[in-house]
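Hi everyone, thanks for coming along. I'd like to walk you through one model today, so let me put it up on the screen.

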There are 2 protein chains.
Amino acid sequence: MAASSRPTIHEVAKAAGVSISSVSRALNGNTSNPEMVARVKAAVKQVGYVPSAVAQSLKTQQTGQVAFAMEDIGNAAYLAMVREIQPLLREDGYRLLLHATGADVQDEIEVLESLAQKYVDGLILCPIRVTDRHLAALRSPAVPVVVIGQLPEEADVDNVRTDSRQGARLAVEHLYAAGARRIAFINGPADTVPGRLRHAGYQDGLHACGLEVDDSLVEFGGFQVSAGREAAQRLLARTQPDAVFAANDLIALGAMHAIRSAGRSIPEEIQVVGMDDTTLAETSFPPLTSVSLGSRDRGRLAADMLLARLHGETGPARRATVAPSLTVRESTREAAA
Amino acid sequence: MAASSRPTIHEVAKAAGVSISSVSRALNGNTSNPEMVARVKAAVKQVGYVPSAVAQSLKTQQTGQVAFAMEDIGNAAYLAMVREIQPLLREDGYRLLLHATGADVQDEIEVLESLAQKYVDGLILCPIRVTDRHLAALRSPAVPVVVIGQLPEEADVDNVRTDSRQGARLAVEHLYAAGARRIAFINGPADTVPGRLRHAGYQDGLHACGLEVDDSLVEFGGFQVSAGREAAQRLLARTQPDAVFAANDLIALGAMHAIRSAGRSIPEEIQVVGMDDTTLAETSFPPLTSVSLGSRDRGRLAADMLLARLHGETGPARRATVAPSLTVRESTREAAA
DNA sequence: TTGAAAGCGGTACCAA
DNA sequence: TTGGTACCGCTTTCAA
């Protein structure tokens with residue numbers, strides 16, 4: 001079991017026959033006497049000394065830790081971000097803390113407010129909703145914060161975003177070009193920022209293509225596979241679309257199940273486009289055409305921004321935008337020439 | 001931007017006109033004078049005080065943090081564990097630190113050795129390989145450690161494991177019961193512990209069913225979708241199986257693509273079983289029968305064990321084993337009665 | 001160059 | 001009950 005108490009700098013000093021100041025200096029490279037360094041290093045090895053991260057933190061006022069807070073690490077988009085962020089932080093010697101808030105606004109705010117405890121040096125936050133309390137907490141955070149997602153113009157916070165509205169429009173335009181005319185939309189919850197933006201982009205796309213907005217072609221639900229399946233079932237029971245744009249890949253997957261169960265072929269009878277371009281899209285059958293919102297890029301940019309602040313960068317809040325792009329696979333037909 | 005310095009307990013004491021000891025007591029519920037509590041709370045609010053986690057850690061010798069180290073959070077099995085572990089830790093007030101070691105043995109050992117820095121109160125480790133250095137570092141860790149995975153008998157470490165060999169056998173027996181006689185096996189790399197165990201289990205299953213071992217039915221590759229597809233292509237070009245057991249769900253997915261591309265139907269002509277029972281299995285087409293190795297259960301058990309230690313449990317190393325189980329879906333036929 | 005000592009921001013013991 | 005004070009383990013200033 002765990003040994004109860006590890007040697008401290010005092011043990012090293014005693015073993016080396018020097019003061020603790022000298023030990024500290026030798027270990028941190030703040031001495032020019034090589035003999036001293038050698039003695040200290042030997043003593044360190046002898047007693048098996050490892051500096052206490054906590055004591056160092058208290059003195060230096062830095063924890064060497066950064067937190068990443070999102071709704072659910074099971075969401076492929078966040079997962080992609082984590083996989084991008086962690087190595088970057090690590091390269092700089094930072095450890096990564098994970099907060100899964102479970103879409104609970106209260107939790108998100110607690111994370112934000114707990115920053116004052118100074119257990120991390122910075123935070124990357126992916127809020128699903130942005131409330132006034134978010135903005136208040138964001139006004140003067142105890143440590144640098146980077147937000148991934150939409151933020152009101154007036155918020156003075158480092159921010160990485162994508163244009164999911166534009167992305168939704170891309171999907172619709174692609175389907176139109178591929179011959180679809182009755183393009184259905186299966187959305188997530190209507191009361192979320194992503195939900196609203198995607199819906200707006202869907203309508204943008206219809207307008208751009210000269211198609212009528214038909215509410216009977218729109219369904220709402222959750223962002224999961226099961227929700228997608230159920231929404232598609234309701235949709236197919238009611239009307240006859242020749243294409244489905246789903247607000248994310250999970251919904252698209254569920255919709256494809258429902259479509260097949262209803263005896264319709266993909267893409268011959270009904271084309272399908274997803275969003276987020278997760279690994280699910282490549283591995284599904286048929287492989288799913290999907291709008292990429294650049295999760296990896298967003299993760300990388302957010303990490304870069306945060307590291308810049310941690311390295312002492314000052315100045316006004318920065319903002320970066322990642323453009324959406326379309327990855328065409330077999331769930332949609334080639335665009336007509 | 002971040003305010004430079006937050007109020008400390010001294011500011012609170014001054015504002016409340018009491019000593020810092022009283023503030024500490026009032027805040028930690030070690031006082032019975034309600035008036036004092038009220039005064040202190042008011043002062044806390046007035047100056048906007050939040051205790052420093054670092055200072056508390058230094059004094060209490062507890063960080064309130066636990067680390068989880070695995071190869072890659074992108075791996076669905078580890079992801080499932082994280083999703084199980086995080087809420088459990090959180091319930092107990094622990095924050096979760098994530099170490100993705102990228103299958104680098106050196107990194108794993110560094111994580112283990114860095115425990116002496118005491119930046120966490122405990123660790124859950126999923127090693128890919130267990131070397132002597134692992135075992136040495138595990139001999140007297142600075143904090144409690146739970147290992148998820150196979151460990152030598154003599155290792156005195158809390159340990160959660162599964163029996164993937166038995167799991168592979170289950171898959172083969174299921175396929176046999178469903179009528180398959182030429183059961184192919186697409187494995188991952190042969191030189192890994194999981195690879196070896198699954199192969200052994202595959203052979204166990206064949207023996208148990210009275211089937212001949214036929215090496216022309218076995219393929220090796222990576223643990224990814226693309227590797228699964230390629231291996232299946234080689235297999236189908238060479239021989240004619242009526243079932244494929246894949247060493248994980250990703251391989252199975254790739255194999256299903258290849259099988260369909262070759263014009264064979266699933267499960268009518270070729271049945272497919274995967275392993276790990278990830279969410280991919282439910283969402284694939286057709287939904288994939290898969291052997292669950294109980295990732296979620298293993299995560300939960302590991303968290304429980306660690307929390308028990310953190311709560312002061314002493315005594316010899318514990319060991320738990322999660323039995324594999326089969327989740328039958330549409331990629332295999334019902335067993336004949 | 002080296003050592004003594006003053007903190008970093010808390011907790012908890014001890015005496016009043 | 002309350003306040004004074006000694007730490008927790010380290011870094012860094014300041015004299016010697």
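Let me begin with a question: is A:Cys126 buried or exposed? A:Cys126 is buried, because its relative accessibility is 2%, and the cut-off for buried is under 20%. Before I go on, please keep in mind that this is a predicted model. Over in the other chain, B:Cys209 also counts as buried, with a relative accessible area of 14%. Since we're on cysteines, how many disulfides does a search of the whole structure find? The search finds zero, over all chains. As a reminder, a disulfide is a covalent bond between the sulfur atoms of two cysteines.

Now to the DNA side. For chain A, UniProt has an unreviewed entry that places the feature "domain: HTH lacI-type" at residues 7-60. In the model, that span is 72% helix and 0% strand, and its end C-alpha atoms are 21 Å apart.

Which residues come nearest to DNA strand C? There are 27 residues around the strand, and the nearest are A:Ser22, A:Arg25, A:Asn33, B:Ser24 and B:Lys59. Looking from the DNA's side, 59% of the strand C atoms that come within 4 Å of the protein belong to sugar and phosphate.

A few individual pairs are worth zooming in on. A:Arg25 goes to a base: an N or O atom in its side chain is 2.7 Å from a base nitrogen of DNA strand C. A:Asn33 goes to the backbone of the strand instead, with a polar side-chain atom 2.8 Å from a phosphate oxygen. From the other chain, the side chain of B:Asn28 has an N or O atom 3.4 Å from a phosphate oxygen of strand C.

Which helices supply this surface? In chain A, α2 (20-28) and α4 (53-60) each give at least two residues, and so do α2 (20-28) and α4 (53-60) of chain B. The most comes from α2(B), with five residues. By class, the surface near strand C has ten nonpolar, 13 polar and four charged residues.

Let's move along chain A to A:Asn248, which sits in the loop between β8 (243-246) and α11 (249-261). A:Asn248 counts as buried because its relative accessibility is 5%. Its side chain reaches the backbone nitrogen of A:Ile251 at 2.8 Å. Beyond its neighbours within four places in sequence, A:Asn248 is in contact with A:Arg198, A:Phe223, A:Gly274, A:Met275 and A:Asp276.

Finally, some backbone oddities. Most residues other than glycine have a negative phi, and most peptide bonds are trans. So where do we find cis bonds here? One runs from A:Ile266 to A:Pro267, with omega near 5°, and A:Pro267 is placed in the loop between α11 and β9 (271-275). Another runs from A:Phe285 to A:Pro286, with omega near -10°; that proline is in the loop between α12 (279-283) and β10 (289-292).

As for positive phi, A:Asp277 has a value near 50°. A:Asp277 lies in the loop between β9 and α12, and is partly exposed at 21% relative accessible area. In chain B, B:Lys118 has a phi near 60°. B:Lys118 lies in the loop between α6 (105-114) and β3 (122-125), and is partly exposed too, at 27%.

That's my tour, and I'm happy to take questions.

Key
Residues numbered from 1 in each chain as written. Chains lettered and ligands numbered in written order. Predicted model: local features only at pLDDT ≥ 70, side-chain atom pairs only at ≥ 80, totals over all residues. Heavy atoms only, no water. UniProt positions renumbered as here; feature names shortened; annotations may be inferred. Helix = DSSP H or I, 4+ residues; strand = E, 2+ residues; numbered from the N terminus. Buried < 20%, exposed > 50% of the residue type's maximum accessible area, 1.4 Å probe, protein only. Polar contact = N/O pair within 3.5 Å; in protein donor to acceptor, adjacent residues only side chain to side chain. Contact = heavy atoms within 4.5 Å. Disulfide = S-S within 2.5 Å. Near = heavy atom within 4 Å. Nonpolar A, V, L, I, M, F, W, Y, C, P; charged D, E, K, R; others polar.
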